[in-house]
Amino acid sequence: RFGTPARATLTGPVEGPAVIVLGGISASRFVCGPKNWWPGMVGEGGAVDPRRHRILGLDFIADESGQAAPSCGDQALVLCQALDLIGAVQAHAIVGASYGGMVALGFAQLFPERVQRIVAISAAASAHPAATALRELQRRVVALGIAQGAAAEALSIARGMAMLSYRTQEEFGQRFAGGLESEAPLGRTAPGNYLRARGEAFRSVMSPGRFLSLSASIDRHRIDPAAIETPCLLIGAESDQLVPPSQMEALA
């Protein structure tokens, strides 16, 4: 239902405990090696170490046309199939950040016998209404861009909107000067140039249709915390505008 077969990577000793590592919607299966998107967490000497752990990375399934959004349960089912393929009856742990944390929680609810523990970072039981509102605006921008033949620029703008929720006012104040020097309303600004650069980088790992599919999947996420008996380590950030600490505390 969601495009081509999912792709995964497997790194580490065969006898090592299986650890599944999942990130946000722009993360990939490359959790080890030169394309590692989570240095410091995954790698030699990290909390997840390819010398000790058998590390499984996965590309999330998505509808590249942007017409349908998979559920976190759909992603969890793919993870089960990946575990089957590597001959692992049970994962030692699933470490998930953002969307990956949502998938981890969904996995623990649906397939508790197949994972020993969960680490969920910035992932709550359901999407916060304010975060849902922002993502819907982003999807409307991307859909308008697709309709007008400007999908790449629309995706870049949507990413810029997201970056404003990932970074704090304090950080912007330290890094950039505010204001517009040009009399042209669409003139470049210092923080705007940064957001354009991040938008360009995002386009190298995300298509407009895939973004629509996975962004909506975030807002489809909903689990019943009382149904999860798997040990969970929940980690939040005080400055998180999308998953505020109050949501993490409520989940706990």
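Two strands are said to pair if DSSP finds at least two bridges between them. With that term in hand, the tour of this predicted model can begin at its sheet.

**Stop 1: the sheet**

Select strand 2 (residues 18–22) together with strand 4 (residues 93–97). These two strands pair in the parallel sense, and four bridges join them. One position to display is Ile 20, which stands opposite Ile 94 in strand 4.

Now add strand 3 (residues 54–58), which runs parallel to strand 2 and is joined to it by four bridges. Here Val 19 stands opposite Ile 55.

Next, colour strand 5 (residues 118–121), which pairs with strand 4 in the parallel sense, again over four bridges. The bridge partner of Val 95 is Val 119 in strand 5.

Zoom out to see the whole arrangement: an open sheet of six strands in the order 1-3-2-4-5-6, with mixed pairing. Its edges are strand 1 (8–11) and strand 6 (232–235), each of which pairs on one side only. From one strand to the next, the twist averages 15°.

**Stop 2: the two faces of strand 2**

Return to strand 2 and show its side chains. In a regular strand, side chains alternate between the two faces of the sheet. Are the residues on each side of strand 2 buried or exposed? Ala 18, Ile 20 and Leu 22 lie on one side, Val 19 and Val 21 lie on the other, and all are buried. Five of the five residues of strand 2 are therefore under 20% relative accessible area, the cut-off for being buried.

**Stop 3: helix 2**

Select helix 2 (99–110). Helix 2 packs on the sheet, where it touches strand 2, strand 4 and strand 5, and its direction makes about 145° with that of strand 4.

Measure from one end C-alpha atom of helix 2 to the other in the viewer: they are 17 Å apart, which agrees with the 16 Å that twelve residues should span at 1.5 Å a residue.

Why is helix 2 described as largely enclosed by the rest of the structure? The reason is that ten of its twelve residues are buried. Among them are Tyr 99, Met 102, Leu 105 and Phe 107. To see what covers the buried residues of helix 2, display strand 2, strand 4, strand 5, helix 1, helix 7 and helix 8 (245–251), which are included in that cover.

**Stop 4: helix 7**

Move on to helix 7 (residues 208–220). Its 13 residues should span 18 Å at 1.5 Å a residue, and its end C-alpha atoms, 19 Å apart, agree with this. Helix 7 is mostly covered, with twelve of its 13 residues buried; Phe 211, Leu 212, Leu 214 and Ile 218 are among these.

Which helices do the buried residues of helix 7 pack against? They are helix 1 (72–85), helix 2, helix 3 (129–147), helix 4 (151–166) and helix 6 (190–203).

**Stop 5: the largest pocket**

Finally, turn on a surface. Rolling a probe the size of a water molecule over the atoms shows where empty space is left. The largest pocket holds about 1000 Å³ of space. To find its centre, select Gly 24, Ala 97, Ser 98, Tyr 166 and Leu 242, the closest to that point of the 40 residues that line the pocket.

Which helix supplies the largest share of the lining of the largest pocket? Helix 4 does, with six residues. Helix 2, helix 3, helix 4, helix 6 and helix 7 each supply at least two residues of this lining, and the tour ends with these helices on display.

Definitions and conventions
Residues are numbered from 1 along each chain as its sequence is written. This is a predicted model: local features need pLDDT of at least 70, side-chain atom pairs count only at pLDDT 80 or more; totals for chains, interfaces and linings use all residues. Side-chain values use heavy atoms; hydrogens and water are left out. Buried means under 20% relative accessible area, exposed over 50%, partly exposed in between (1.4 Å probe, protein chains only). The expected span of a helix is 1.5 Å times one less than its number of residues. Contact means heavy atoms within 4.5 Å. Axes are lines fitted to C-alpha atoms, for helices over the stretch in contact, and angles run from 0 to 180 degrees between N-to-C directions. On a 1 Å grid over the protein atoms alone, a cavity is a set of points where a 1.4 Å probe fits but cannot get out, and a pocket is an open set with protein on both sides within 12 Å along at least five of seven lines; lining residues have an atom within 4 Å of a point. Grid points are joined across faces, edges and corners, and a volume is the space filled by probe spheres set on the points.
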